[in-house]
Amino acid sequence: MKTRVMVIDKSAVLGEQLQEAARILRDGGLVAFPTETVYGLGANALDEEAAKKIYAAKGRPSDNPLIAHIADPSGLEPLVQEIPGAARKLMEAYWPGPLTMVFSKSSVVPYGTTGGLDTVAVRMPDDPVARELIRLAGVPVAAPSANTSGRPSPTSAEHVYEDMNGRIDMILDGGPVGIGVESAIVDVTGAVPILLRPGAVTMEMLEKTVGRVETDPAVISPVKADLKPRAPGMKYRHYAPKAELVLVEDEEWERQPKAHMTAVSSRVTAAITRLALEKAAVGKKVGIICTDETRQKYPDEGIWLRSLGTRGREETIAHNLFAVLREFDSLGVEAIYSESFSRDHLGQAIMNRLTKAAGYHIIKV
Ligand code: TXA
Ligand code: MG
């Protein structure tokens, strides 16, 4: 299959430019498009055959459900059995935006989209290209992240091209995304909302809007083999670079989350340096994930050093995370040592992705 790439100017989205992409979606084809979180791989959410093509293109297990994307709030009602009160508050506060909610599904949503579940995840993205595309398609658009299953999510059209060229009909290139980590997912089917995946709508923001919110155990720790996580995707090795990734964390600093965000102890930088040099000494290609504040503390020869940006701006760290993991992949790095971050606010999403990418391999110093 030939994959067409169409460049779209996000600041002046022209409907006629997107007509062709919308037609592909209506006809059961696949179009990758930018959202504010990561690039999505879209298909008609109401067409089971189209959804199957998504699973094939990504190499994704078919029990891992897709998020249905809508262009405006009125698109929600037909897809769900009911809209609970908490969901209404959250929609009002955070849609359009990086928040996905899980509802009991209506009969129009096929099981091929929901991985056989009786629930459906729905999100209204805040990206002008995504919104106009969905509006023109006239159907809800099922879209997982547009990466090969198991690889870091794509934050630019180039990342999508790397993974999807020849496998999908079209890529809409709207430039780099804004946020860089996937949406927060909240299950609103029960009495108390449950956070299934942290994102840029943070736990603190959710609680401010609806009061108590629980956290699914799969957010924090590995999913036990005999347990079914509420978000099926959380059980797969996710966001993973090809290299072995190890996080290094200072036990003491963990108890002072804010200090931990803006600085890193010399115990961490010393441990990372030692581990990296040991690996390099046995002939491995080694990478270090650091921050602008710590860059100078590492050896600058024989090791690939990449900064996620300044610790003063969690948004920058989140934005650069997947691109750095992908860059290490393309450099052929075999072992990566990374600093850690605080686990509150956006840090919760950053650490969730980092610990999963590391297969929960964390060295405490
Ligand atoms: O930011 C995002 O959410 C991006 C952009 C493209 O919108 N999409 C995205 O989709 O990250 P994906 O498929 O890569 O991740 C969706 C996650 C998976 O872990 C999946 O298991 C979970 O959402 N999920 C989808 N439907 C669900 C449902 N009905 N119940 C529980 N979890 C669900
Ligand atoms: Mg994904």
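Student: Which element gives the most residues to the shell around ligand 1?

Tutor: This is a predicted model, in which local features need pLDDT of at least 70 and side-chain atom pairs pLDDT 80 or more, while totals for chains, interfaces and linings use all residues; side-chain values use heavy atoms, without hydrogens or water. Residues are numbered from 1 along each chain, with chains lettered from A and ligands numbered from 1 in the order written. Two or more residues of the shell around ligand 1 come from each of β4, β6 and β10 (strands being DSSP E runs of at least two residues, numbered from the N terminus). With 4 residues, the top contributor to this shell is β6.

Student: How many nonpolar residues does the shell around ligand 1 have?

Tutor: The shell holds 28 residues (a heavy atom within 4 Å of the ligand), and Thr37, Asn64, His69, Ser183 and Gly233 come nearest. By class, 8 are polar and 5 are charged (Asp, Glu, Lys, Arg; Gly counts as polar). The nonpolar residues number 15.

Student: How far is a nitrogen atom of ligand 1 from a polar side-chain atom of Thr119?

Tutor: Side-chain N or O atoms of Arg60 and Ser145 each lie 2.9 Å from an oxygen atom of ligand 1. For Thr119, the ligand partner is a nitrogen atom, and the distance is 3.0 Å.

Student: What percentage of the area of ligand 1 does the protein bury?

Tutor: Taken alone, ligand 1 exposes 680 Å² (Shrake-Rupley method, 1.4 Å probe). Of that area, the share buried by the protein is 99%.

How values were computed: Polar contact = N/O pair within 3.5 Å; in protein donor to acceptor, adjacent residues only side chain to side chain.
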